[in-house]
Amino acid sequence: MAISRDDVAYVAALARLELSEEELERYTVQLASILAHAADIAALDLSDLAPMAHPLPLKNVFRDDEPRPGLERDVVLAAAPAVEDHRFCVPRILGEEP
Amino acid sequence: MLVAGELAGQIRRRERSAREVVTEALDRVAGGDAAIRAFVRVCADAALAEAEALDRRIAAGEDPGPLAGVPVALKDNLCTKGLETTCGSRILEGWRPPYDATVVERLRSAGAITIGKANMDEFAMGSSTENSAAGPTRNPHDLSRVPGGSSGGSAAAVAAGFVPVALGSDTGGSIRQPAALCGVVGVKPTYGLVSRYGLVAFASSLDQIGPLTASVGDAALVLEVIGGHDPADSTSIDAPVPRLSDAVEAGVEGLRVGVCLELIDGVARDVEARVREAAEALSGAGAKVEDVSIPELRYGLSAYYLIAPAEASSNLARYDGVRYGLRVDAPDAAAMNKATRTAGFGAEVKRRIMLGTYALSAGYYDAYYAQAQRARTLVTRAFDRAYAQVDVLLGATSPTTAFPLGAKVDDPLAMYLSDVCTIPSNLAGHPAMSVPFGTGDDGLPVGVQVLAPALGEKELFRVGGVLESLAPPIALPALGALGSVERT
């Protein structure tokens, strides 16, 4: 199941990346070659093994439920590209079409 | 150059001032880094102010700690409060973190002084430090070669003699491979031994912070300082860090060492020869050495290059032009996200985000991502079987010595193969160390890799200490020497 040019365009859209025609072409070839390498594990029967998400056998980790100071609002907002009334400011999210 | 432990001792005994030591380090950087470009940012004024404050504390009878006055370099994916942190990416240009990473706080509490931020592949994705928005770093041993990556700036800063200690991060070999290519010591600790709080995330189930140093003893000292439980990282192991400095001198008498055939098979002949010589040296020092085969390790590369991009595609979703970093304006939010990410990320980061998105997408999740996670179990169980037989494993760190700049930039898969020997330890969460051991036919440094099971750092440092004491000497990089000539 080789990755197609349409697949690459689709994942680029999901990942919010704009690709030129030339980039689309190049990434399709490169991703196909990387995925072809992964054929070695695709060919294995690993159905008796559990997927491993993490190296540590962790259960939920809780801290004591005690209030403590967080980062200062103005310090955090100072790093934002746009701020209005002590809030992050973004362009229109939902909107009437013009 | 003096190792960090001795330097700190001299400063604590007031034989030298921290100001003098930090000034010398800054002079070496000013003299030599124009050619190497290990640093993306040097904070001379802050470092000198910290050094003077430290000298005053020592004069007042205080002990500032085991790294008193030691100048350090920090990989630029470690958050430093108020000091620009860019991860080698345009998307974080100008970002000043509102807090320090836990490791940065711990280094400071032990008396270390940060003199600057080290170059890296963008978001730690790469094996040559060529994927940096700041441009490439060069190998101090040969300026036409790469320093390895992604912690190439950290490795080059130590190899050039600018600083005795640097921190890096290792997701698939990003500490050990550049350490090998630059002829320094590099350690990837057990997953969870060092807090990741304040490390900009790449692949969270694989990332670990660790030291790159001029000596094995310094690596032990630094790990004792930065390791240990941190409530701010929920994956941090709640156990004390073992006394590693003692292990460096403990020898390898009776230790069972397995030469892992899969970690020398297919590597360059001169690199394989150095690993075999290292095994003989350990045998001569009293270790029981045997060959071990772990065929499943060969599946590590494929598993890694699905799992790490999958985690990265999720972690890097946060760069959306809203809370920090770059924003490219557009009429609506989705178009703004897209314009920002398209302009802010480099080619390799885009490649990995798309690969990871694909591996996680409906219809391919089981075939790629879940299968890779099962292969991760396969690799980890294979290690477990080997460690029932031996205490540590030995292999190559990198399949070759440092390669020329540009040699692999157009072939992502060839670049990924640089990590083939280092990836298995990340998948299993195990510790591993690269120790310089002689040179290749081209005269460039070779690193031998020592691997141990989870929390096997003590054994790692026992082997590292012996290998260091028996390693053939490596010529100091000409530019490191030039740097020190210029300051006198």
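B:Cys182 sits buried in this predicted model, its relative accessible area coming out at 0%. No disulfide involves B:Cys182: the nearest cysteine sulfur belongs to B:Cys421 and lies 17 Å away, and since a disulfide needs its two sulfur atoms within 2.5 Å, that pair is out of the running. A:Cys89, on the other hand, is partly exposed, at a relative accessible area of 23%. Searching the whole structure turns up zero disulfides over all chains.

Then there is the packing. In soluble globular proteins, nonpolar side chains tend to be buried together. Here the largest nonpolar core runs to 76 residues, and the ones with the most contacts inside it are B:Leu67, B:Leu107, B:Phe461 and B:Leu467. Helix α7 of chain B, residues 216–226, supplies the largest share of this core, with eight residues. A second core, separate from that one, counts 57 residues and includes A:Leu19 and A:Tyr27 along with B:Phe202 and B:Tyr368.

Back in the largest core, B:Leu467 makes a good example. Leaving aside residues up to four places away in sequence, B:Leu467 touches B:Ala278, B:Leu282 and B:Leu394, as well as B:Val435, B:Phe437, B:Val448 and B:Val450.

As for confidence, chain B averages a pLDDT of 95, with 97% of the residues scoring at least 70. The pLDDT drops below 50 over residues 480–488 of chain B, a stretch that has six contacts in the model beyond near neighbours in sequence. Where pLDDT is low, the predicted coordinates should not be read in detail. For the complex, the predictor reports an ipTM of 0.94 and a pTM of 0.96.

How values were computed. Residues are numbered from 1 along each chain as its sequence is written. Chains are lettered from A and ligands numbered from 1 in the order in which they are written. This is a predicted model: local features need pLDDT of at least 70, side-chain atom pairs count only at pLDDT 80 or more; totals for chains, interfaces and linings use all residues. Side-chain values use heavy atoms; hydrogens and water are left out. A nonpolar core is a set of buried Ala, Val, Leu, Ile, Met, Phe, Trp, Tyr and Cys residues joined through side-chain atoms within 4.5 Å. Buried means under 20% relative accessible area, exposed over 50%, partly exposed in between (1.4 Å probe, protein chains only). Helices (H or I, at least four residues) and strands (E, at least two) are DSSP runs, numbered from the N terminus. Contact means heavy atoms within 4.5 Å. pLDDT is the predictor's confidence in each residue, from 0 to 100.
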